Amino acid sequence: MAMREPRYGFEHFDCAPGLRLEAHERVAKLQFDSLNRRLDKIEQLMERLERRLWLTVYGVVGVILSQAVQSLMSVTP
């Protein structure tokens with residue numbers, strides 16, 4: 001185990017509750033890191049889905065506009 005600097009003028013020593021607390025802090029950090037990675041992945045997936053949605057909306061608007069222009073062209077000689 002790595003040696004640490006003395007805290008508040010006292011020499012560092014390992015004890016069961018302190019080791020348990022450190023282990024819990026490491027586990028919590030790993031869980032938060034994993035959660036952050038999953039959230040980043042979800043955000044990327046949402047951005048891709050949003051882009052696809054906008055492409056679909058623009059495609060539908062384009063079809064509607066092209067049909068409107070085509071109907072105007074057939075009415076006007």
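Here is a short chat about how the labels on this predicted model are earned.

Reader: What should I know before we start?
Author: This is a predicted model, where local features need pLDDT of at least 70, side-chain atom pairs count only at pLDDT 80 or more, and totals for chains, interfaces and linings use all residues. Numbering runs from 1 along each chain as its sequence is written, and side-chain values use heavy atoms, with hydrogens and water left out.

Reader: How many helices and strands does the protein have?
Author: One helix and zero strands, going by DSSP runs (H or I of at least four residues for helices, E of at least two for strands, numbered from the N terminus). Helix H1 covers residues 16–75.

Reader: Why is Tyr 58 called exposed?
Author: Its relative accessible area is 56%, and exposed means over 50%, buried under 20%, partly exposed in between (1.4 Å probe, protein chains only). So Tyr 58 makes the cut. By that scale, 1% of the 77 residues count as buried.

Reader: And what makes Glu 50 partly exposed?
Author: Glu 50, also in helix H1, has 46%, so it falls in between.

Reader: How do you know that Lys 29 and Asp 33 meet in a salt bridge?
Author: The N to O distance is 2.9 Å; the rule asks for a side-chain nitrogen of Lys or Arg within 4 Å of a carboxyl oxygen of Asp or Glu. So the pair qualifies, and the structure holds one salt bridge.

Reader: Why are these two separated by about one helical turn?
Author: Because they are four residues apart in helix H1. Lys 29 is exposed at 53%, while Asp 33 is partly exposed at 28%.

Reader: Which residues make the nonpolar surface patch?
Author: Leu 53, Trp 54, Val 57, Tyr 58, Val 61 and Leu 65, giving about 620 Å². Patch residues need over 30% relative accessible area and no salt bridge, with nonpolar side chains (Val, Leu, Ile, Met, Phe, Trp, Tyr) joined within 5 Å and like charges within 9 Å. Areas use the Shrake-Rupley method with a 1.4 Å probe, and for residues only the protein chains shown count as cover.
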